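Let's take a walk through this one together, chain by chain and then across the place where the chains meet. Have the viewer open and follow along.

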Amino acid sequence: MSVKVYIPTPFRALTGGQARVEADAHDVKGVLGELETRFPGMRDRLRDEHGALHRFINVYVNSEEISELQGEATALRGGEEVSIIPAVAGGSAFTPEEVKRYSRHFLLQDVGPSGQRKLKNARVLLIGAGGLGSPAGLYLAAAGVGTLGLIDFDVVDHSNLQRQVLHFTDRVGVLKVESARKTVGMLNPNVKVEAHNAILDSSNAFELFREYDYVLNGVDNFPARYLANDAAVLLGKTLIDGGINQFEGQVTVYKPGTGCYRCLYPAPPPPGAVPSCAEAGVLGVLPGIVGSMQALETIKQILGIGEPLVGRLLLFDALSMEFRTLKLRRDKGCPVCGDNPTITELIDYHEFCGAPIPVELEEQRAHVAAH
Amino acid sequence: MSSLVGAIAIARSQVDAIVAHARAGAPDEVCGVVAVRDGSVVSVIATRNAAATPRNRFEIDVRDLMRIVEVEREGLDVGFYHSHPVSVAYPSATDIGFAELWPGALQLMVSLRHDLPGEIGPEFHAYRIFPPRVDVVAIAIDEGR
């Protein structure tokens with residue numbers, strides 16, 4: 001069955017410039033097969049590695065697209081014309097809604113549309129959807145960070161609401177990651193939230209961290225803090241670290257090769273030696289300030305602007321309203337990022353700490369792992 | 001970086017038709033086919049945008065793609081146009097990516113980002129994209145046609 005085949009301009013380099021060729025086949029599949037045999041390179045233009053027609057290649061018999069007919073099994077009669085037409089498509093980076101939403105960013109020379117695209121393409125993991133993760137998550141979402149990963153195992157409790165601004169009274173009893181997903185969705189539906197309802201431990205930390213560009217640390221317990229630090233060092237991820245206690249907070253950015261938490265504190269304190277928020281209390285606004293600074297440092301990292309808080313530890317005293325900065329240096333003797341590291345895999349400290357944790361305290365901690 | 005390569009002549013009425021299509025379709029992107037003979041646009045054919053998210057994507061509806069074959073059957077070169085309702089009239093990364101399918105075709109682009117009363121109005125530019133290279137095509141508008 002002799003049919004005519006229309007070859008689109010972009011494919012004519014393969015047919016020696018011919019716009020129309022003759023083929024002899026009884027169906028569309030036969031025609032395409034003949035073209036693939038006769039014209040080297042044609043197969044790659046038409047089909048993917050599984051042999052299916054590329055999503056952006058359209059085939060017509062006379063004036064009808066073959067998906068409206070019988071696909072490649074569409075039968076042909078002599079004299080009919082088969083046309084191959086690549087899709088004509090494109091688009092702009094932002095919707096009109098996004099252009100309005102991010103207009104204050106677009107005005108900034110250091111951000112602009114290209115910076116906003118970097119934010120949109122960025123993937124940030126928040127460890128903990130609590131005191132620090134709440135303001136950080138809200139501001140990163142508002143700023144247009146495209147994907148936020150959230151890991152937390154806890155449910156919203158009344159005692160969280162004094163500072164954990166991702167959650168609301170009617171969410172008490174709801175999983176924190178689900179509550180956070182809902183709030184972020186209300187604030188900025190363009191943000192993709194990947195919720196991980198789990199405890200960060202040695203079994204999942206690597207797998208999880210690998211999926212993200214930056215890790216924002218919002219934990220308040222030592223096992224998770226050391227685990228996050230070690231996982232970030234061992235994978236070469238930048239960790240935007242923050243911590244709070246009562247009226248004081250601290251922030252720093254650990255970039256691979258510039259030192260880590262263990263350069264400051266090589267090993268965790270014995271369990272129970274340092275009180276958590278549940279034990280010591282924390283002023284409500286404080287995590288809002290510290291978590292917001294972590295969000296700011298994360299955005300600076302994504303955009304590559306300003307002077308990052310790398311090699312510096314920022315200390316904040318809420319009562320005196322004073323900021324101090326300490327210089328941090330990588331310790332050559334650091335057990336994980338030093339010249340001769342002794343820690344090369346992740347450690348679950350809740351199992352290995354010297355002193356046993358009293359059962360009551362362990363339970364209490366389990367409920368406040370993310371402030 | 002882009003460089004100025006070649007030129008295209010287009011009638012004012014054709015520019016107006018493309019701008020009118022873009023305005024009517026906003027805030028969605030609109031798209032169409034143009035027929036070109038010897039460096040002059042001879043006709044403008046509006047097509048439907050079948051993209052799933054037309055606010056910032058376009059894809060000429062498969063029901064309209066045969067217009068391309070019709071243009072070529074008349075011995076004319078095929079080109080395309082599309083609008084950017086809120087961004088610059090310059091090919092986006094997405095536009096450049098999809099130009100792999102039609103490298104070197106004339107691409108007319110209209111932006112409505114400054115098309116509010118009292119502003120400068122629609123921006124209109126022409127390109128030929130050889131991914132990742134973008135050649136800027138000079139436009140001569142024939143005001144009399």
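Helices and strands here are DSSP runs, H or I of at least four residues for a helix and E of at least two for a strand, numbered from the N terminus. Keep in mind that you're looking at a predicted model.

Start with chain B. By that count, chain B has three helices and eight strands. Trace chain B along the sequence and the pattern reads β-α-β-β-β-α-β-α-β-β-β. The radius of gyration of chain B is 14 Å, close to the 15 Å that the globule rule gives for 145 residues, so chain B is as compact as a globular protein of that length. If you'd like a box to picture, the C-alpha trace of chain B spans about 40 × 35 × 30 Å along its principal axes. Of the 145 residues in chain B, 41% count as buried. As for the contacts in chain B with a separation of 6 or more, 65% of them come from residues 24 or more positions apart.

Now over to chain A. Here you'll find an open sheet of five strands with mixed pairing, in the order 2-1-5-3-4. Its edges are strand 2 (20–24) and strand 4 (64–65) of chain A, each of which pairs on one side only. Zoom in on that second edge: strand 4 of chain A pairs with strand 3 (residues 57–61) of chain A in the antiparallel sense, over two bridges. Look there for Tyr60(A), whose bridge partner in strand 4 of chain A is Glu65(A).

What lies across this sheet? Helix 1 (residues 28–38) of chain A lies across strand 1 (2–6), strand 2, strand 3 and strand 5 (81–86) of chain A, and runs at about 120° to strand 2 of chain A. Chain B joins in too: helix 2 (residues 66–73) of chain B packs on the sheet and touches strand 1, strand 3 and strand 5 of chain A. The direction of helix 2 of chain B makes about 110° with that of strand 5 of chain A.

That brings us to the interface, where 31 residues of chain B are in contact with 23 residues of chain A. On the chain B side, strand 4 (57–59), helix 2, strand 5 (77–84) and helix 3 (93–98) each supply at least two residues. By class, that side of chain B has 19 nonpolar, six polar and six charged residues.

There's strand pairing between the chains as well. Strand 6 (residues 89–91) of chain A and strand 4 of chain B run antiparallel, joined by three bridges. To find the spot, look for Gly90(A), which stands opposite Phe58(B) in strand 4 of chain B.

How values were computed. Residues are numbered from 1 along each chain as its sequence is written. Chains are lettered from A and ligands numbered from 1 in the order in which they are written. This is a predicted model: local features need pLDDT of at least 70, side-chain atom pairs count only at pLDDT 80 or more; totals for chains, interfaces and linings use all residues. The radius of gyration is taken over C-alpha atoms; the globule rule is 2.2 Å times the number of residues to the power 0.38. A residue is buried if 20 or more other C-beta atoms lie within 10 Å of its own, exposed if 12 or fewer, and partly exposed in between; C-beta atoms are placed from the backbone. Two residues are in contact if their C-beta atoms, placed from the backbone, lie within 7 Å. Two strands pair if DSSP finds at least two bridges between them. Axes are lines fitted to C-alpha atoms, for helices over the stretch in contact, and angles run from 0 to 180 degrees between N-to-C directions. Ala, Val, Leu, Ile, Met, Phe, Trp, Tyr, Cys and Pro count as nonpolar, Asp, Glu, Lys and Arg as charged, and the others, Gly among them, as polar.
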